[in-house]
Every structure is written in C-alpha cells, then in structure tokens.
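Thanks for making time this morning; I would like to walk through one model with you, going from the whole chain down to single residues. Please have the sequence and the structure open while I talk.

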Amino acid sequence: MQRRTVQVANRLGLHARAAAKLVQAANRFRSAITLARSDTGQTADAKSILGVLLLAASAGTHLDITTSGEDEVEAIEAICRLIESKFGEEEERLGS
Amino acid sequence: MTANSEIILRGLGISPGIGWGPAVHSPWRGRVIFRRRLAPQEIESEVARFHKAVGIAREQLRVLRQRMEHALGKEHAYILDAHVLMLEDAGILGEIESLIRTNAVNAEWAVKLVTDRILAIYAEIKDDDLRERGSDIEDVANRLLRVLSGDRSTCAFPESAVLVSETLPPSLLGELDPQRIAGLILGTGGWTSHVAILARGLGIPAVSGLRGALAQIEDQALVLVDGTRGLVFVRPSPDVLQHYERQRQEREQHWIRWQARAPLPTMTRDGVPITIRANIERLSELDDLHRFGACGIGLLRTEFLFLQAAPELPSEELQLEAYRQAAEVAGRDGVAIRTVDWDENQMAALGTLHALRDRQMESESSEPWLPERNPALGLRAIRFSLRAPEVLKTQLRAIVRAAAFGNLRLVLPLITSLEEVEQVRHLLQTACRELRAEGIAAPDRLPVGVMIETPAAVWLADELAAVADFLSLGTNDLIQYLLAVDRDNDRVASLYDPLHPAVLRALRHVIQAAERAGRPLEVCGEMAAHPLHALVLLGLGARILSMRPRAIPLIKDFVRACELTRVREVVRQALAASRSAEVRELLLGSLQELRLELPDEALLNGSAPPVRGVS
C-alpha cells in the first residue's frame, strides 16, 4: 500500500473537468485508489466521479491518497502528479 | 376557452423571423415521474431495462461529445466527459439498481430518488463553483429518464416543430439540430441571453418572456412564432396563417433579390456612398463577410475568446491567431477589434473571475466576492480592462501583432472619460515598445476608436473625438443607458425604444461632434440593422453602418433606394418631435414620399433569416 498527501493547487479545485481527468487517470490502474480529505476525513473512490465531485475539494484542500494493488507505485505517482500539475490547467495560460 | 379557438400570446421577440409547426414541450424540465410498484417477477427485466438505458445514454453522449468538440472546441466538450463518467460510476449505478431490487420500484423512480439525494448533498457544498456542478447531475439524470421513456434518438425532436421550454439547459443547445426547429417559445431569457444569441446566429425565430403562459400551449397544437413582433399564435386561424404564408413568399422573393445584389457597391439614389460592415461574434461567422457582401468588420467582439478559454484567460497566442484570421478575411476593408466587454457576473459564471482575482487583484481577493447587483453599472468593459492591466496588455499585444496581417483598428467599450482613453493609449505604447524590444514588429500606428455608448460619452463627444482616431456609436448600450431600460428584463423591454426623441437628439449630437472633428463615425448597434432606424441614422449624417451579417443585404438594398437629401429633411422634422409615436408616424408616413418600399415585416426588423416551418 502507498500513501501520500497532496494539496489541490488549481484554482477551481476538483470541479467537473478536473474530476473527470482524475477519474480517467485512476481508471488506467488496477489498484484500488482512495482520496481522503485531510481536514474532515471524508473519503472517496478515485474511480467514481460522483465520489470525487462530492468531496468538494476546493483549492488548498489537502488530500491523502492511498493506492493498493499490483501497480500501486505507478498509480500514486500518476495521481499525485496530476493533482500537483494542476490538472494541466494552468499551463495553457502560462503559454502567453 | 374552447379547444379550437386561437390564442395570441405576447412576449419578447429575441430572435426575428417567422416559424410554425406542432408544439413540442421540452422534455428537459418539469418532467413528472411516476412511481410504479413492480411484481417480483418484473424486477430482473426492470434492472435489465435500466442497464440498457444507461448504455444507450452513454453512446448518445459519446456521439454528442464528438459533435460538440467539432463545433465548439475541446474545452467545451470536457463537460460531457464528466457526464459519461457519471454513467459509468459503479457507485451511482449500483445504488439505482439496488433500489429497483429492494424497493421493487420502476427504474425512473429509482433514478429520481438517487438524483434527489445527490442534489441534496450538492446543495450543502459551500464553494459556489463546485456547487453549481449539481446541474450536470440533473442533466445526466434527465437524459437517462428520456431514454427510459422509450425515446432513443439523441435529439427527440420532430421535423419542423416548435420547441416550448421554460429555459434551455446547456447540453440541449449543442444537441438540437437547428434545421429541425421551426421556432422557440421560452418562459424566460432576454435578448442577450445565451439562447437568444444562439437562436439569432442559427436563424431560429424565438419569443421569450411567456413564463405563465406556456401551460396554455398544449402538446402538438399548431403554433406560429413571430419572433419579429414577439407574438405566438396557438392554433392560428386560417386568416392568420394565410397572412404569414403570403408574407413568407414575399420575403423569400425579396431575400433572393437582396442577396443577389449584396456584392454591389452601396450608394444612395443621389450618389452618396455608404459603407456597410459586419458585426462579428464568432470566428465561424467570418464566412458570412463575403456571403452577405460586408465591407470589412465594424465590430469584432472578443468575448468568444474569453468564453473559449474559461476558466483560464485566453493566451496572447490564441488571441493573435483569431485576430489574424479576421484580419486576413477582411483584407483591405479592415477590422475594428473591441477590447473585451463583459461584466463581473458573466466572468464569475465562467470561473474566469476567480482566476483573475488570484492573479490580478490581490488587494481585493481577501474579501469574499459578491455577485454584482447592478452589472450594467458595475465593473465591466473598459473599467474591468483597466483594473486588470495584465489582461488588457495581453489583448493589446495580440492585436498589435495581428496588425501585421491586415488593417486593424482598436475600439474601446463603455468609455466615460478622456482619462480612460489616455490610459489605454499609454498601455498600447508600452505594449508596442516591449514588442519591438523583443524583436517583434509593431506598426507605427494603430487607430484607436472610442465607443460612444454612455450619456457621459455623448456629452464629451467633442473632446473624445479629439483624442480618438474615430468614434463608434454603440446604440444598444447607449439606448439602455439613456432610457434607463434593461432590455434583458422582459417586463421593461418594451420601453427600449430607438426612436425615442432623447435617443435621436443624442445621436445627432454625437454625429455632429464627429463631423466637427473630422473623425470617421461608425454605427455598430442593432439600430443599423433595422431599415426604419437606419433611415434615421442616414438622415442624421451617419455614413458607415455595421450590423449582423444577415441584415446586410436588406439594408444595402434599402440604402440604394434612399434619396439622402429627402431623408435628411424627414429626419430634421423627426428631431423636432417630442414623442416616440410622432417620430414613428413621421417616418412611416414619409416612406411613400421617399418612394421606399419594403415588405411589411422587414420594416419592423432588419434581419432576414431563412423562413422555417411547414409550407
């Protein structure tokens, strides 16, 4: 099992597009992936868009990511990278 | 009320034209869901029916996503990714399935129960942006319910029918095939609402503001939508139908004639050349420039770029590419690019405001943002641009760079003081200097125009003309501010009157100020697209009119029929009138004397969309 804490860095938090990207990424792995809000402990299956959306994680929220399964190392790596890279949202603007 | 009698409903015309066909109530709102108890042996087949519906809905979304990505770009299609994922969410599907089994209820009822529960959780979310996503859940649930009702088409819309709906949700906009809709009847939504803009762009006649009256339109009843006058006829009498059919034929003939003559130069009967330009809202409209015979672009709105990039801001490169395309299509005739014109509430709705507050307005971002109570008088247009100079500079840099590809001008919206113009000029110089320092060519001169659309700008017109290279009359906002009427509010929209004596006198003052200063003046509001109003503008001395492309052929033909010396005289008389009714009477009465002829309907509205409906 892998565990890591990341902070939601993109301005809009886990809104629909970001949530969709996260779930799509999670679905590429066989491991079980859970997200938990560090403040409230509320957890969600990263492969369920509804669960992710209902976390209502706005910018600045700390999330504890847990992965468990044969590809748990790659999975936690990919999920954390996606969240830390602000779901690729901010690069578009930096292009200017 | 007998079952067969004609009913006439008066609303707000938000997209001109005539269409008729059977009424179809939107299945997206006000759906009544019944609960049915299942017999034990029915349960398995109900679960199977539910899963089949999910599969169909998913496939619909996949097709729709492709279509939306193609039409609106990747950034808009993402929302459908979330919809698809919801239909793949084992948690949601499992919960619905177990409800069907344990409660022995029909799939529709189970979908409703689960949706209501999720929406209740959503309602508790504190973050505004995240909470709004609840509408996506509703949208998906409605799609499922529609499929469950046995409706298998992505668009359940019959040929040439009239859509009746309280409002239109976003996914519906992308989904309906505009060719099939004869007309739109809406409960709410004003002239500048998203639906209205879309309907006008697609040429679908639409009437809004019929909130309480929608129930009077029964399903499948024949309805006629007159989007020009804002009228809806339910079960129109044979006389009414005949009248409109005659009008349709007349209109079609006129339209063929107008379009054939559109490429010809535009000159009044007494030889005064008039320039007719196009107002452009989206890049896809650039094709219309040549199709309808426009002489360049008198107003390129740039809000579409901000919409496209939301919630981020459009990059310099993205803007450059759009302006370059416009510059190349318009060629020598040129393009007037207006800096972004929207208000805080619109930006907040797209999420852009938050992006900005984080970056640009640090000093204010500690305070919570509250929706603007009076956006028309708030931080909008140039006020916003000057408050967020980085955003303005990016836009100016893109325009300056695009000027290498054509003949560009800059137009500033909602100016109320000389200082605002000077500040933009200063920023423009800085942008040019920086670009040159980066080794990028910047033109020596980029003409800067001032939109005259506030009473303050009217009374400063002489001074503004002195500091600007040209003036641009934005009649929509000018009339709104002069008459203190919000035309999006259907309860006061009828007070919005371009022929109000106060409007005529303000226009005269501005046009004369431009003449005194020797500056070109362009008119780029809706007024220019309306023959009767265009007559006033010409009579007052305007020589450059810019309008939505579809209105161009008609106005060109109208201008060619005008004898300007006589028009001037009629308008001189109209200026002395102290009531709108007198002005209107004078103008209408003079048409015969001016030897101007137009079909009845075109007199009331300048647009000429294709006529739809059963013929």
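What share of the 615 residues in chain B is buried? Buried residues account for 46% of them, where buried means that 20 or more other C-beta atoms lie within 10 Å of the residue's own, exposed means 12 or fewer, partly exposed is in between, and C-beta atoms are placed from the backbone. Before going on, I should say that this is a predicted model, in which local features need pLDDT of at least 70 and side-chain atom pairs count only at pLDDT 80 or more, while totals for chains, interfaces and linings use all residues. Residues are numbered from 1 along each chain as its sequence is written, and chains are lettered from A and ligands numbered from 1 in the order in which they are written.

Chain B has 27 helices and 16 strands, taken as DSSP runs numbered from the N terminus, with H or I over at least four residues for a helix and E over at least two for a strand. Of the contacts in chain B between residues at least 6 apart in sequence, 72% join residues at least 24 apart, a contact being two C-beta atoms, placed from the backbone, within 7 Å.

Turning to the interior, the largest nonpolar core has 147 residues, and Val510(B) is one of those that touch the most other members; such a core is a set of buried Ala, Val, Leu, Ile, Met, Phe, Trp, Tyr and Cys residues joined through C-beta atoms within 7 Å. Because domain 1 (7–26 + 159–236) and domain 3 (251–604) of chain B both contribute residues, this core lies between them, with the bounds coming from an automatic or database domain assignment. Leaving aside residues up to four places away in sequence, Val510(B) touches Ile452(B), Val458(B), Ala461(B), Leu471(B) and Leu473(B).

In helix α22(B), the buried residues include Val510(B), Leu507(B) and Ile511(B). The helix, residues 501–517, has 17 residues that should span 24 Å at 1.5 Å a residue, and its end C-alpha atoms are 25 Å apart, which agrees; the expected span is 1.5 Å times one less than the number of residues. Gly518(B), with a positive phi near 65 degrees, follows α22(B).

For contrast, consider Glu419(B), which sits in helix α18 (residues 418–437) of chain B. Glu419(B) is exposed because it has 10 other C-beta atoms within 10 Å.
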